[in-house]
Amino acid sequence: MKKINLILSAVVLLLIFSCEKDNNIPLNQQQVDGLTSNPFLDNFGDNTTARFIGTVVNEEGDPISGVTITIGSTMAITDTNGVFSIEEAVVYEQFAYVKASKIGFIDGSRALVPTDGVNQVSIMLLDSEPIATVASGQPLTFDLPGGVSVDLPGTYQTKFGFEYQGDVSVVIKHLNPDNQNMALQMPGALIAENESGDLRVLETYGMIAVELIGQNGEDLTIGEDSVALISIPVPTNATNPPATIPLWYFDEVYGYWKEEGFAELVGNKYVGEVSHFSFWNCDAPFAAVPFCVTLQDTDGNPLPNNYVQLQRATSGWYSYSGGYTNQNGLVCGLVPADEMLTLTIQDFGCVGNNFTENIGPFSEDANITITVGSGSTTNLIGIFNDCNGDAAVNGYVQLFYNSASSIVPITNGQLDIAIDYCSTDTAFSAQFFDLESGQSTDVVTGNFTIGITDLGTEMSCTDLSDSDADGVFDVNEDLNGNNNLDDDDTDQDGTPDYLDTDDDGDGIDTIDEDYNNDGNPMNDDSDGDTIPDYLDNLDVLIYATEVSGTGCIPSFIYAFDSIVSEVYFELINNTYTFYLTEADALSDVNQLASPFIDDGTTQIIYVKAVNTITNQFDIAEVYLYQEYLDTDGDGLTDCEELSGIDSDLSICNPNGNITDPNLADSDGDGFDDCIEATNGTDPSDDTSIPTSPSIIVNDQTVTEGDVMEYAFTLSSPAIDDIVINFEIVSDIVDFDDYEIEGIYGNNNINITIEAGSSSGVFAIVITDDTEVEGTEDFTVVGTLLSGSASAIGEATISIIDND
């Protein structure tokens, strides 16, 4: 029977459960939410529609109202109880990705296998209160209680790749497997794509979430070519943790984890480098097999809506995972292969009464039935109508009993659910909320009785007020969820939102921002930025970007259709036009034709995006760069090879030679075009071949205590990579008198001269001793190890005594 409890056990390994066997996720597949560019999408079957209901709470477990929920392109807002309902969301047959966002919190999410009926989820949002605000340019280490630390390099950039200078607010959260709320706090589910592109189920040893926020609210990440060092303590319930473990980051677009790098066990922490920030996770991946279990009572009746919890009890592993049984008492998912498992139903009937049974191991698909000893059970029934007497089709019953709270969805006006309750604590209370009408019933209280507990027929006629008649109930205008409507003022005009007919101050009344005409402005987000239009004073999502043109001096070609499809492809409900100046964009004059052909002098143009639903617009910069292609990789750009003109942007000068941009060695003589052009030979004539350079070394004099940069030159640029060994030879000078490259006891070094280079250098540090010894000489002898070069000379180094 049903034990509905919002407090879940500690989840360290999440197995993906569904309520029908044919919804199991096959191995070796991935999912993205509505994007067709991911090749793993085909593995998740066709699109389907599903209904979802769920709750969003804060870290204290209190409901959060005003949270934006998105599933694909469908959106909803949580009510005063933190509850949302989406009747028809387009998802994949085997994967649904539910995202939750609200200002003041880190974005949260849940991933699940959708089933027939109503899919229930619970999400706990982590607050985004910064632990510190620092100035860019200063490397710093941030330590959290409990052992988490993050070393930031001090260099930052915006999500568009622009260098950021200014104050940075740092948000760090530790998601600890020792915490029973981790399952609610972590994003998505613990399914992942490994480096080989295969699907894996993960066992986590801890996560962190890091957000970097600019002084104007910009989303930041660490600078290009920089890394941060993260340290995550191993949970106390883990034994024999591996010495090295893969690192995984959560892809907020696709909704699953991706392998990137590794962490090493240092003491009781995993330490690793990361190049960007999201949620990061230390996890061990493992293979799995499909598994189904049916729960029934001693009379053979199915036990629906029970949370089936599994534990994999092998050395070094101690964690739980699970899912809810459907109306037939069935739950399916992936379980560890060849492992003994403990099946647990927590608080079955009474708090503290846990049903457990050992099952497995399973090496292939398994479908088993478990009989659970019955306790006090009842069928809780009731009829819920709207104020017109019609059956309510989109609502929920908030039910309190047995020290727990639950949300029971109502789809056809009827409640009929099996409840296992405690004979020593039979009291309950229930209240129905009609999400269609914004009305509710009064609270109904009573006691469960064996067999049937009948709530009777309830009418949802208690109005939820809409003081400003803007189509949004007052309880949903409590955006900060503090039960005070007077301190929610989105446009800061002095009028609280619940009394403001234009909440966002964009000149369009809130009730008129119901663009889909369903009577609810809260689910209209025409620009897809997760902010409902009625709270978004500019319903256009456009941003600055850098683009590259094709072609050669003086004609660089910029195709606007390509820019839109490659850069702004994820932005919805927009038209785009391009202008040479911002003033032209504002006035809608002198629109640029596509393709735009530039002589190389234009550095910036402007794109204007117009929302096709609201007609609002915004303008952003488009920075122009030239795309200097080097198709054959010979060091000369294609333009240089076709024109013979030096662009100053490649490593070589064509020196007037016309060569094939598709062949690195146009004449096939064994030397690429760059080397020949640099050496003065003809890259189009296979009889014109560069000569090998000779290596020139010179005698030098140095005083004790100095560092000598020992330089040598080539008579002409190297035609290939040359490796030379330089050895110090002397009967007088010993290791106490010098170091090569700062290494004591070293009398030789290998130096590589890259193709095209004409010189090299290494450091000899001369010891400053106190011994009077006069001038000492030693010889530097060069030996060619590889590459093309003629004879290498010897040089004498004289050390002048300074004592």
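This is a short tour of selected strands, one cysteine and one charged patch in a predicted model.

**Stop 1: strand 48.** Select residues 722–729, which form strand 48. Now add residues 748–753, strand 50. The two strands run antiparallel and are joined by six bridges. To find your place in this pairing, pick isoleucine 722; isoleucine 753 of strand 50 stands opposite.

**Stop 2: strand 52.** Keep strand 48 on screen and add residues 776–786, strand 52. Strands 48 and 52 also pair in the antiparallel sense, here over seven bridges. Which residue of strand 52 is the bridge partner of valine 729? Select threonine 779 to see that partner.

**Stop 3: the loop before strand 52.** Show strand 51, residues 759–766, and look at the loop between strand 51 and strand 52. Aspartate 768 lies in this loop. Is aspartate 768 buried or partly exposed? Its relative accessible area is 49%, so aspartate 768 counts as partly exposed, the class between 20% and 50%.

**Stop 4: the negative patch.** Leave Asp768 selected and add Asp706, Glu771 and Asp803. Together these four residues make a patch of negative charge on the surface.

**Stop 5: cysteine 292.** Move to strand 23, residues 288–296, and pick cysteine 292 within this strand. The relative accessible area of cysteine 292 is 0%, so this residue is buried; the cut-off is under 20%.

**Stop 6: a distance to draw.** With cysteine 292 still selected, add serine 565, 273 residues away along the chain. Draw a line between the two C-alpha atoms: the separation is 44 Å.

Note on methods:
Residues are numbered from 1 along each chain as its sequence is written. This is a predicted model: local features need pLDDT of at least 70, side-chain atom pairs count only at pLDDT 80 or more; totals for chains, interfaces and linings use all residues. Side-chain values use heavy atoms; hydrogens and water are left out. Two strands pair if DSSP finds at least two bridges between them. Helices (H or I, at least four residues) and strands (E, at least two) are DSSP runs, numbered from the N terminus. Buried means under 20% relative accessible area, exposed over 50%, partly exposed in between (1.4 Å probe, protein chains only). Patches are made of residues with over 30% relative accessible area and no salt bridge: like charges are joined within 9 Å, nonpolar side chains (Val, Leu, Ile, Met, Phe, Trp, Tyr) within 5 Å. Accessible areas come from the Shrake-Rupley method with a 1.4 Å probe; for residues, only the protein chains shown count as cover. A salt bridge is a side-chain nitrogen of Lys or Arg within 4 Å of a carboxyl oxygen of Asp or Glu. Lys and Arg count as positive and Asp and Glu as negative; His and the chain ends are not counted. The place of a charge is taken as NZ of Lys, CZ of Arg, CG of Asp or CD of Glu.
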